[in-house]
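Me: Please take a close look at the part of this model around the ligand. Then follow the chain outward from there.

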Amino acid sequence: STDMNIGEQMEYTITGIEPGAGLTGLTHDAIAEYDSLNGWELQDSSTAGMMTELEQAYENEEPIIITGWTPHQMFEMYDLKFLEDPELAFGEPEDIHSLARMGLEEDKPEAYAILDNYEWTIDDMQQVVLEAQESSYEEAGLKWVENNQDIVSEWTEGVDQVDGEAFELLSTPWDTERGSAHMMKAVLEQQGYDVTLTNVDPAILFKAMATGDGDGTVAPWLPVTHGAFMDEYGEDIDDLGPNISGTVSGLVVPEYMDIDSIEDIPA
Ligand code: PBE
């Protein structure tokens with residue numbers, strides 16, 4: 001009801017995603033850091049669960065605070081805004097990195113070179129995600145590779161073909177990372193690799209990269225979203241640097257809400 005302040009209307013709850021997401025950890029840190037979030041709780045669930053709650057709140061123009069990020073189709077579906085984050089609890093816009101296991105450069109120099117050369121744009125990535133809604137990530141990744149051989153050939157220039165060597169590609173379960181992983185799987189298969197793609201939580205991905213159970217990944221958001229995992233495992237992983245720039249995560253609200261900053265959230 002209108003007598004309740006918006007904090008009461010939201011039961012002082014931020015609507016979150018998977019417990020294992022980097023963004024979930026950052027949100028717990030933000031709650032500890034901001035006085036305005038004193039007494040607030042993060043309810044974690046799943047990305048699909050969060051999207052359902054957002055849809056319901058949005059239809060009724062009710063207040064809601066979610067953990068959000070871009071690229072994600074939520075920004076095409078609804079008018080949303082990131083809350084300003086003066087303490088930079090969620091960091092500045094960041095990059096997605098390619099990582100190789102230690103020793104990959106010697107063992108599989110062709111795949112290593114491709115991961116090292118690979119770079120595309122948020123727009124490319126969104127094309128794959130959008131296409132996958134109509135077909136599958138497998139088909140969408142392959143189609144992007146077939147339609148963008150000019151870009152792919154820049155990553156594979158001077159790289160020899162291989163003959164069915166195994167490659168363990170790791171990724172995380174979010175749409176954008178399904179898209180990039182399937183795209184990279186298609187590139188490596190075109191080069192002659194036999195690729196196994198496994199989607200796991202970030203904590204498992206970083207551990208597997210550090211122990212050599214995974215050969216490579218193109219999924220980590222750094223330096224902030226998965227920064228805690230990099231702090232823990234980074235010494236035993238070969239960081240090949242950014243493959244995409246300008247991703248953002250943080251607290252997100254519908255435009256119809258009257259607050260603009262995390263500091264405006266009513267405690
Ligand atoms: N995300 C999307 C993931 C990485 C990609 C921001 C939800 C995370 O928080 O781990």
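Reply: A residue counts as near the ligand if its C-beta atom, placed from the backbone, lies within 6 Å of it. The model is predicted.

Start with the shell. The residues around the ligand are I17, A21, G22, L23, W69, T172, W174, E177, P202, W221, T225 and S249. By character, seven of the shell residues are nonpolar, four are polar and one is charged. Two domains contribute. Domain 1 covers 6-92 + 249-264, and domain 2 covers 94-247. Each of them supplies at least three residues to the shell around the ligand.

Now the chain just past two of the shell residues. W69 is one of the residues around the ligand. Strand β3 spans 66-70. The peptide bond from T70 to P71 is cis, with omega near 10 degrees. P71 sits in the loop that runs from β3 to α4 (74-77).

W221 is also in the shell. Strand β9 spans 221-222. Here too there is a cis peptide bond, joining L222 and P223, with omega about 15 degrees. P223 lies in the loop between β9 and α12 (227-233). T225 is another residue around the ligand.

Most peptide bonds are trans, and most residues other than glycine have a negative phi. Y12 has a positive phi of about 50 degrees, although it is not a glycine. Its place is the loop between α1 (6-9) and β1 (13-15).

Next, the helices. Two packed helices are described by the angle between their axes and the distance between the axes. E177 belongs to the ligand shell, and helix α10 spans residues 175-190. Helix α8 packs against α10 at about 60 degrees, with the axes 8 Å apart. That makes α8 oblique to α10. The crossing is right-handed.

α8 (residues 137-147) has another partner, helix α7 (residues 122-134). The angle between α7 and α8 is about 140 degrees, and their axes are 8 Å apart. So α7 is oblique to α8. The crossing of α7 and α8 is right-handed.

Finally, the record. An unreviewed UniProt entry lists residues 5-146 and 171-266 for "domain: ABC-type glycine betaine transport system substrate-binding". In the model, residues 5-146 are 49% helix and 15% strand, with the end C-alpha atoms 53 Å apart. Residues 171-266 are 34% helix and 30% strand. The end C-alpha atoms of residues 171-266 lie 37 Å apart.

Definitions and conventions. Residues numbered from 1 in each chain as written. Predicted model: local features only at pLDDT ≥ 70, side-chain atom pairs only at ≥ 80, totals over all residues. Nonpolar A, V, L, I, M, F, W, Y, C, P; charged D, E, K, R; others polar. Domains from an automatic or database assignment. UniProt positions renumbered as here; feature names shortened; annotations may be inferred. Helix = DSSP H or I, 4+ residues; strand = E, 2+ residues; numbered from the N terminus. Axes fitted to C-alpha atoms, helices over the stretch in contact; angles between N-to-C directions. Parallel < 35°, antiparallel > 145°, perpendicular 65-115°, else oblique. Left-handed = near helix turned anticlockwise from the far one by under 90°.
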